[in-house]
Amino acid sequence: MVDFLAENNLCGQAILRIVSRGNAIIAELLRLSDFIPTVFRLKDKSDQQKYGDIICDFSYFKGPEYYEGKLEAKPELQDLDEEFRENNIEILSRFYLAFESVHKYIVDLNRYLDDLHEGVYIQQTLETVLLNEDGKQLLCEALYLYGVMLLVIDQKIEGEVRERMLVSYYRYSAARSSADSNLDDICKLLRSTGFSSQPGAKRPANYPESYFQRVPISSTFISMVIGRLRSDDIYNQVSAYPLPEHRSTALANQAAMLYVCLFFSPSILQTQQAKMREIVDKYFPDNWVISIYMGITVNLIEAWEPYKAAKTALNYTLDAANIKEQASRYAASMESLRPQVQQLLKEGFLREEIILDNIPKLLNCLRDCNVAIRWLMLHSAESAYDPNNKRLRQIKDQVLNDSKYNPKTLFQLLLDTAQFEFTLKEMFKQMLSEKQIKWENYKKEGSERMMELAEVFSGVKPLTRVEKNENLQAWFREISKQIESLNYEDSTAAGRKTVQLIQALIEVQEFHQLESNLQVCQFLADTRKFLHHMIRTINIKEEVLITMQIVGDLSYAWQIIDSFTSIMQESIRVNPSMVTKLRATFLKLASALDLPLLRINQANSADLLSVSQFYSGELVAYVRKVLQIIPESMFTSLAKIIKLQIHDIMEVPTRLDKDKLKDYSQLAARYEVDPKQLLEDGIRKELVKRVAYALHKGLIFNPKAKPSELMPKLKEMAATMDGFYRSFEYIQDYVSIYGLKIWQEEVSRIINYNVEQECNSFLRTKIQDWQSVHQSTHIPIPKFPSVDESATFIGRLCREILRITDPKVTCYIDQMNTWYDLKSHQEVTNKRLFSEIQNTLGTFGLNGLDRLLCFMIVRELQNFLTMLQRSVLKDKALVEVFKTVLTAVNPVQGIVANANKVYTSAVAKSQKVWGPYLEAIMKVGQMQILRQQIANELNFSCKFDSKHLAAALENLNKSLLADIEAHYQDPSLPYPKEDNTLLYDITAYLEAAGIQNPLSKIYITTKRLPYFPIINLLFIIAQLPKLQYNKNQGMTCKKATDPVDWPPLVLGLLTLLKQFHSRYTQHFLALLGQFIRSVMEQCTSQKIPDMPSDVVGALMFLEDYVKYSKLSRKVVEAHVPSFIFDEFRTIL
C-alpha cells in the first residue's frame, strides 16, 4: 500500500493540506487578536457617542434601510462614516479573510468526508483511513483544530466585537458580489455566543456545544474520532514514558484533543457515565488543568461543571485524598530531584562514558523532572482558577499547601532541568555524529592487537620468555579476522558477536595460563576494552534524542511562563550569569514551535514562513521582555549619573560597574538572535520609555498660570534632556554602542511619532500604530492618555505657544520679533522661545512643530472657506450688497463717485460677517509668523552646526528651480519625471534646514468664488478704523477692547489670497488702489488737508503686502499714483 503521506496519495495529501491550513488559521487568529481596533469595543463613552450610530451589531440585518436612512439624514454622520471606512477597511478585510477561512476550513473538511464516503478516493474509506497511523492522527487533528479555532475566536475576539466588525465589513466592502455569498454563513457561524473571557463572567447555557454545532458535521465521523482518541495511543507516546504513573503526561496531547472533540458530542459528557469514567480513569486520574493548544489552559472542574456524567466521573480525581496524594508526591519528587539534577550539572560530571553507561537512569531523571514541573506549573497557574469560584479557590489552596509550592524553587528546577537537557542533547548529538568513526577506530585497534599477539606466539617476535605456540598463533589470527569482519551496518549481529569475542578472550586467558605474562595480559585487556567501547558506541541511537524531545516538551507553558518573568528578572539582577541557564529554558520553550509547524512543513505549505515568524516573533518578544532588566538596571545607574550631571556643576567621570557589565556580556553568542543587537534594542527600549515619559510629564502646562509656564518648563526640560544625552555619551564606551547615533535615532523617532499622532486628529485617514514608520514592536514608543484636547506633548506645546501669542491679547512687533501684552505692554515672549525649543527638542522638535502648524493652518483655511460658502455666499442680502459695490466700482481704473458713502454703507450692511472673518484671518496670520520664526531658527542653527549641508542644499535648490524654469521656457529641456522622488525628498531636507518661505506655500486646493476680491476689500476697509499709525511701532490697535494685530492681519490675508488664482490678488489690489484714489479725490474736492487715517492704513497695507509677498513695487504703483505714495512717506 502507498504511504498515506506520499505525494501521489491524493487522500492523504488532501487531509494533510486541511490540517496544515488549520494550524495556519489559528496562528492568524492569534496574530490578529492583538490588532482589534479599540473603537469596535465601544468601551469609552466618547466612542459610544461618536461612533454609536455607525457601528452596529447583527441587529443591523433586521433593518438595514433604517440604519442607512439614519446616516443619510445627517451629512456629518455620512462624513464620519466615510472617514471611519477609510481608516479601518484594511484591517477589517484582514479579519474578514480570517473568519472566512475558518468557515472554508469546515466546509472543506465536510467535503473531504463526503468524498471519502462516496468513494472518490479509490480503496479508501473513513474506516481504512482511521486504521492507518498517519490517517488516524490527521483525522483526529482536523476535528480538534476546528474546535480550537472556535474557542480561540471566542476567547480572543469577543462576540459583540466580531458582529460589529462583520457588519462594518459588509457595509464598507465593495467585494459583495456572488463570490462573497457565504457572508451569511460566516455570520451564522460567528455570531455572538454570549461568552465573555472577563473573570467572573457567567457562562452561557449550552456553551460551547451549541456553538460547535452551528455547522453540522457527520456524527459517524465524530463518534469514530472520539472512539480512536479514547482507546488508542495515536501518537505512540507511551513508549517514551514507560512508568505507569507518567501515563497521563504521556497522553496529555491526546487528552487535550479529546477534551475539545467531546464538545462535538455533548451527549457523552451529559449522560454516558461509563464512557466518561473510562476517559477520566485513562487521561485525568491525577490532573484537572490541561493545555489545549500553545499554552491555552483549561480547568476541567469549571469546563465540565454543566455536564452531569463528566462532572460525576471527575469527582473521583477531585477527591481531597487524591489531590493530597498527588500534590504530596510531587512535593517529595521536587525535593529529591533538585539535588540530583544539580549534581549532574556539576562541571565535568557529565562525561561521555558516564552518559553511555547510564542512559536509562539519565532519561528517567529527565522524565521525573519534566512530569513534576508540568503538573506543578499547570495546577498552580493563576489563570487556571477563577478567583470568584469558591470551590476552585479551595482546590487551588489545597494544591499549593500540600505540594509546598514555591515558585522560585519550581523555577530553579525548570532552569536546571532545561540546562541538563540542553547539555545532554548537545553531547548526544556530538556522539551520534562521531559514532561510526569511533566504532571503526576501536575495531581497527582491537584487530591490530590480536595480530600482534599472533606474531608473539610465532616465536619470531623477540618478546621475553614466550614459547612458540602455533595453536595460539592461529587462534589469535582467527580472532583478529573475526573482529575485522564485524559490520557497522548490521548492529544487532555485530553486538552479539562482540559479546562472544569478549567471552572468548576471557576464556583464553584462563585456559592457557596466560596470566603469568603481564604483557600478553595487557594486550588481551586492551582488546576487551576496545570491544566494550564498540558495544557502547553501537548503542548510541537516535531514539534517545527523540525520547528527550518528547519528554522535554514545554508547549503547555507557552502562556503560563509569563508568571515567572519577575522571578527571572530578579535572578538576572542578582546574578547576571543566570542568562546562560535562561538561554536553555528559552530553547526548551522554542521546542513548542514544532507542534503547529509540523503539519505545515509536511504539506510544504507557503504558510510555513508566516506561522513560524509569528510564533518565533512571540518568543523573541518574550525573551526581550525578560532581558529588558539588563538595560533597566543600566538606566537605574544612569539615573544617578543624570542627577549628578544636572545638579552638580563639575562633570563627574561616570562609569558603570565594569564587573557587572562583564557579567551582562554573558549574553554574547548565546542566541540565534544577535545578542549585541538584543542588548542594544533593550537599551533603546529603555531610553525611549524614559525619554517619552520625561517629555510627557515635563510638557504639561496650566493655561491659567500667569505668567506662562512655557519658558521655565522648556528650560527644565532642556536640562533633563541634556542630562540624558551627556550620561548616555558617558556609558557608550562601556557597553560598546554608538550612543550619539542611538540618541538621535530614538529621540527623532519619539518626536516624529508624537507629531504623527497629533496630526492624526487633522486627517481623515488616520495612521494607525501598526502602519506607522516610527512605531516598532520591539522598541515601542509608549502612548500616554491625553491631559487636554491635545493627544501628545507636541500638541500641548504648540497650543501653549498659540495661547500666549494670541493676537486678541498680544501685539507682535515685527522689527523686534517680539510679542507684547496689549493691556500691560509687557513683553510676553520673543524669538528666544524657538532657540529654547531647539535646545529641548532639537531640530526634529522644531520641524515637527512646523508640520503641526501646517496642519492647523490647513484646518483653519478649510473651516474659513466652509463658513464663507455656507454663511456668506448663501445669504441673499449680503450677496445683494456685494453686487451693488461691484456695480459702483466698475470700471476699476476709474474713481468711485461719493466714495465714503458707498464703502461705509456696504461695510455697515455686512457688519455681522467680519467678526468670524477677522478671527480666522488672524489665526492663520499668527501661525504663519510662528512658522517664519521656526524657519529662521532652523536655518540659523543649520548654517551654524552644518554649514556645508546648508550651502549644498541652497545651491541644489537654486539649480533645481533654474532647471524647472528653463523647462517651462523650453519644454525640450529635462524635468523630473513623475516617478522621480527628487523634489519630494529635497523638500524634506529644505524644510528641516529652514530653507523655505511659509508665505509662498499652497495649503489647500480651492474653487472659484464669486465676489471674493470685493469681500476682502470690504473686510480690510472694516478693520482700518480700529487701527492707528504710530511712528515707532507702525500700525497698532486703537482700543485694547477691540483688538486687531497688524502683522497677523496682513499675513493672514496674504496667505488666504495665495491659495487662489493670482488674478484674485490682482483684482483685490486694484480695488484697494481704487479705494485709496477715490477717498483721496473726495478729500481734495472737499479741501481736507490731512490724509485720512483709512488711506494711511490702506497704503501701509499695500507697502507691507509688497514686502512680505516679495512682489515688485510696480504692481501697486499701477493702481496708486506715485505722488500719493510720496505724500504718504512724508507722514512716515
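**Exercise 1. Aromatic pairs**

Count the aromatic pairs in this predicted model, then classify the pair of tyrosine 283 and phenylalanine 284.

*Solution.* The count comes to 48 aromatic pairs. The model is a predicted one. Now take the pair of tyrosine 283 and phenylalanine 284. Their ring centres are 6.3 Å apart. Pairing asks for centres within 6.5 Å. The planes stand at 50 degrees, so the pair is tilted. Last, check the burial: tyrosine 283 is buried, and phenylalanine 284 is buried too.

**Exercise 2. A pair across two helices**

Classify the ring pair of phenylalanine 864 and tyrosine 917, and state which parts of the chain the pair ties together.

*Solution.* Start with the geometry. The centres lie 4.8 Å apart and the planes meet at 85 degrees. Edge-to-face needs an angle over 60 degrees. The pair is therefore edge-to-face.

Next, place the residues. Phenylalanine 864 belongs to helix 36 (residues 832–872). Tyrosine 917 belongs to helix 39 (residues 911–945). The pair therefore ties together parts that are 53 residues apart in sequence.

Then check accessibility. Buried means under 20% relative accessible area. Phenylalanine 864 has 4% and is buried. Tyrosine 917 has 0% and counts as buried.

**Exercise 3. The nonpolar core**

Find the residues with the most contacts inside the largest nonpolar core, and locate this core with respect to domain 1 and domain 3.

*Solution.* The largest nonpolar core has 332 residues. Trp304, Tyr615 and Tyr917 have the most contacts inside it. Helix 36 gives the most to this core, with 17 residues.

Now the domains. The division gives domain 1 (1–192), domain 2 (434–542) and domain 3 (854–1131). Domain 1 and domain 3 both contribute residues to the core, so the core lies between them. The C-alpha centres of these two domains, domain 1 and domain 3, are 58 Å apart.

**Exercise 4. Cysteines**

How many disulfides does the structure hold? Check cysteine 369 and cysteine 759 against their nearest cysteine sulfurs.

*Solution.* The structure holds 0 disulfides. For cysteine 369, the nearest cysteine sulfur is that of cysteine 365, 4.2 Å away. The cut-off for a disulfide is 2.5 Å. Cysteine 369 is in no disulfide. Cysteine 369 is buried, at 0% relative accessible area.

For cysteine 759, the closest cysteine sulfur is in cysteine 854. The distance is 8.9 Å, too far for a bond. Cysteine 759 also counts as buried, at 2% relative accessibility.

**Exercise 5. Helix 45**

Test the span of helix 45 (residues 1093–1109) against its expected value, then describe its burial and what follows it.

*Solution.* Helix 45 has 17 residues. At 1.5 Å a residue, the expected span is 24 Å. The end C-alpha atoms are 24 Å apart, which agrees.

Turn to burial. Of the 17 residues, 12 are buried, and the helix is mostly covered. The buried residues include Phe1101, Asp1104, Tyr1105 and Tyr1108.

Tyr1108 also takes part in a charge–ring contact. Lysine 1107 lies over the face of tyrosine 1108, 4.9 Å from the ring centre. Then look past the end of the helix. Lysine 1110 follows helix 45, and its phi is positive, near 55 degrees.

For a second charge over a ring, go to arginine 1063. Its charged end sits over the ring of tyrosine 1064, 5.9 Å from the centre. The distance cut-off is 6 Å.

**Exercise 6. Loop backbones**

Locate the cis peptide bonds that precede proline 208 and proline 891, and the positive phi values of asparagine 236 and asparagine 898.

*Solution.* Begin with proline 208. A cis bond joins tyrosine 207 to proline 208, with omega about 0 degrees. Proline 208 sits in the loop between helix 8 (183–190) and helix 9 (209–212).

The loop between helix 37 (876–889) and helix 38 (899–909) holds proline 891. A cis bond joins asparagine 890 to proline 891, with omega about -10 degrees. Asparagine 898 lies in the loop between helix 37 and helix 38 as well. Its phi is near 55 degrees, positive in a residue other than glycine. Asparagine 898 is partly exposed, at 47% relative accessible area.

Finish with asparagine 236. Its phi is near 50 degrees, also positive in a non-glycine residue. Asparagine 236 lies in the loop between helix 10 (219–231) and helix 11 (247–250). Its relative accessible area is 39%, so asparagine 236 is partly exposed.

Methods:
Residues numbered from 1 in each chain as written. Predicted model: local features only at pLDDT ≥ 70, side-chain atom pairs only at ≥ 80, totals over all residues. Heavy atoms only, no water. Phe/Tyr/Trp six-rings, centres within 6.5 Å; stacked < 30°, edge-to-face > 60°. Buried < 20%, exposed > 50% of the residue type's maximum accessible area, 1.4 Å probe, protein only. Helix = DSSP H or I, 4+ residues; strand = E, 2+ residues; numbered from the N terminus. Lys NZ or Arg CZ within 6 Å of the ring centre and 35° of its normal. Expected span 1.5 Å × (residues − 1). Core = buried A, V, L, I, M, F, W, Y, C linked by side-chain atoms within 4.5 Å. Domains from an automatic or database assignment.
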